[in-house]
Amino acid sequence: MHCSEARTAVSARVDREELPPGTTGAALDAHLRGCAECRRWGERALRLKVLAEQLGMR
Ligand SMILES: [Zn+2]
């Protein structure tokens, strides 16, 4: 999995949407285990999501 695919999948997960076709949660988790960049990116996406929800921007 490329980082760009992983990030698309992470943002889908953060938004509680379905993962893109051909992407599985297991493959995404495997990528995140091996890629600190995408882990950090995912954490930031999640924080922004939580912040947006707190501000009522659903
Ligand atoms: Zn990556």
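Helices, the "α" elements of this tour, are DSSP runs of at least four residues, numbered from the N terminus. Keep that in mind as you look around this model, which is predicted.

**Stop 1: the whole chain**

Show the chain as a cartoon and follow it from the N terminus: the elements run α-α-α. You should be able to pick out three helices, with zero strands alongside them. Now zoom out. The C-alpha atoms fill a box of roughly 35 × 25 × 15 Å along the principal axes.

**Stop 2: the surface**

Switch on the surface. About 4,300 Å² of the chain is exposed, and carbon and sulfur atoms supply 54% of that area. How much of the chain is buried? Of its 58 residues, 24% are buried. Next, color the charged side chains: there are 10 positive and 8 negative charges, and their mean positions lie 6 Å apart.

**Stop 3: the zinc ion**

Select the zinc ion and show the side chains around it. Which protein atoms are its donors? They are SG of Cys3, NE2 of His31, SG of Cys35 and SG of Cys38, at 2.0 to 2.4 Å from the ion. Try the angle tool here: the four donor atoms make angles of 104 to 114°, and the site is tetrahedral. For comparison, the ideal angle for four tetrahedral donors is 109.5 degrees.

Then trace the donors along the chain, where their spacing reads C-x27-H-x3-C-x2-C. Cys3 belongs to helix H1 (residues 3-14) and His31 to helix H2 (residues 25-34), so this pair ties together parts that are 28 residues apart in sequence.

**Stop 4: two donors side by side**

Select Cys3 and His31 with the surface on. Is each of them buried, exposed or partly exposed? Cys3 is partly exposed, because its relative accessible area is 32%, between the cut-offs of 20% and 50%. His31 is buried, because its relative accessible area is 14%, under the 20% limit.

**Stop 5: the neighbors of His31**

Stay on His31 in helix H2 and select what touches this residue. Leaving aside residues up to four places away in sequence, you will find Met1, His2, Cys3, Ala6 and Cys38. Two of these names, Cys3 and Cys38, should be familiar as zinc donors.

**Last stop: contacts across the chain**

Finally, look at the chain's contacts between residues at least 6 apart in sequence: 48% of them join residues at least 24 apart.

Key: Residues are numbered from 1 along each chain as its sequence is written. This is a predicted model: local features need pLDDT of at least 70, side-chain atom pairs count only at pLDDT 80 or more; totals for chains, interfaces and linings use all residues. Side-chain values use heavy atoms; hydrogens and water are left out. Donors are N, O and S atoms within 2.8 Å of the metal (3.2 Å for Na, K and Ca); water is not among the atoms, so sites may look incomplete. Four donors count as tetrahedral if all angles lie between 85 and 135 degrees; four count as square planar and six as octahedral if opposite donors are over 155 degrees apart and all others between 65 and 115; anything else is irregular. Helices (H or I, at least four residues) and strands (E, at least two) are DSSP runs, numbered from the N terminus. Buried means under 20% relative accessible area, exposed over 50%, partly exposed in between (1.4 Å probe, protein chains only). Contact means heavy atoms within 4.5 Å. Accessible areas come from the Shrake-Rupley method with a 1.4 Å probe; for residues, only the protein chains shown count as cover. Lys and Arg count as positive and Asp and Glu as negative; His and the chain ends are not counted. The place of a charge is taken as NZ of Lys, CZ of Arg, CG of Asp or CD of Glu.
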